[in-house]
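Welcome! Please take a moment to look over the sequence and the model shown here before reading on.

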Amino acid sequence: MARKHARSYPLEFRQKIIELARAGRRFDDLAAEFKLSEQTVRNWVKQADLDAGRRADGQTSAEQEEVSRLRKRVRQLEIERDILSKAAAWFARETDSIPPKSSNS
């Protein structure tokens, strides 16, 4: 399932909401006041707690960034592997090292 691109909020804004929540403000009140979804407020507080080491039931932002970077690298390596595989097959056919690829394979 494709994930919708979420609206991006400035870091300072998110930090202020997190501070207010930690100071005891209710998530639903913050959401209504700042025109956010309550789940967004919950997610921000949870992520801040993960990043601060207050909880361990998810990935920190640094871990999420590393996973994302590694997934991109894997995709790039797979593309490069496919290109090299096709190039090797082409060169092999061009040099008559292997028989031509038949159309009824």
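The report below walks through the overall make-up, one helix pair, the core and two single residues.

## Overall make-up

What you see is a predicted model. The protein has 105 residues, and 15% of them count as buried. Its secondary structure consists of four helices and zero strands, so reading from the N terminus the order of elements is simply α-α-α-α.

Two more totals help to set the scene. The accessible surface of the protein is about 8900 Å², with 52% of that belonging to carbon and sulfur atoms. If you take the contacts between residues at least 6 apart in sequence, 26% of them join residues at least 24 apart.

## How α1 meets α3

Two packed helices are described by the angle between their axes and the distance between the axes. Here, helix α1 covers residues 11–22 and helix α3 covers residues 38–52; they pack at an angle of about 90°, and their axes are 9 Å apart. Angles of 65 to 115 degrees count as roughly perpendicular, and α1 and α3 are therefore roughly perpendicular to each other.

On the α1 side, the contact is made by F13, R14, I17, I18, A21 and R22, while α3 brings V41, W44, V45, A48 and D49. Sorted by class, this contact of α1 with α3 has eight nonpolar residues, three charged ones and no polar ones.

## The nonpolar core

Which residues form the largest nonpolar core? There are twelve: Y9, I17, I18, L20, A21, L30, A31, L36, V41, W44, V45 and A48. The elements giving two or more residues to this core are α1, α3 and α2, the last of these spanning 27–34.

L36 is a good place to look around inside this core. Setting aside neighbours within four places in sequence, L36 is in contact with Y9, F13, I17, A31, V41 and W44.

## Two residues worth a look

Is D49 buried or exposed? This residue lies in helix α3. Buried means under 20% relative accessible area, and D49, with a relative accessible area of 15%, is therefore buried. Not counting residues up to four places away in sequence, D49 touches R22, R54 and R55.

K35 sits in the loop between α2 and α3. Most residues other than glycine have a negative phi. K35 is not a glycine, yet its phi is positive, at about 55°. With 68% relative accessibility, K35 counts as exposed.

Methods:
Residues are numbered from 1 along each chain as its sequence is written. This is a predicted model: local features need pLDDT of at least 70, side-chain atom pairs count only at pLDDT 80 or more; totals for chains, interfaces and linings use all residues. Side-chain values use heavy atoms; hydrogens and water are left out. Axes are lines fitted to C-alpha atoms, for helices over the stretch in contact, and angles run from 0 to 180 degrees between N-to-C directions. Angles under 35 degrees count as roughly parallel, over 145 as roughly antiparallel, 65 to 115 as roughly perpendicular and the rest as oblique. Contact means heavy atoms within 4.5 Å. Ala, Val, Leu, Ile, Met, Phe, Trp, Tyr, Cys and Pro count as nonpolar, Asp, Glu, Lys and Arg as charged, and the others, Gly among them, as polar. A nonpolar core is a set of buried Ala, Val, Leu, Ile, Met, Phe, Trp, Tyr and Cys residues joined through side-chain atoms within 4.5 Å. Buried means under 20% relative accessible area, exposed over 50%, partly exposed in between (1.4 Å probe, protein chains only). Accessible areas come from the Shrake-Rupley method with a 1.4 Å probe; for residues, only the protein chains shown count as cover.
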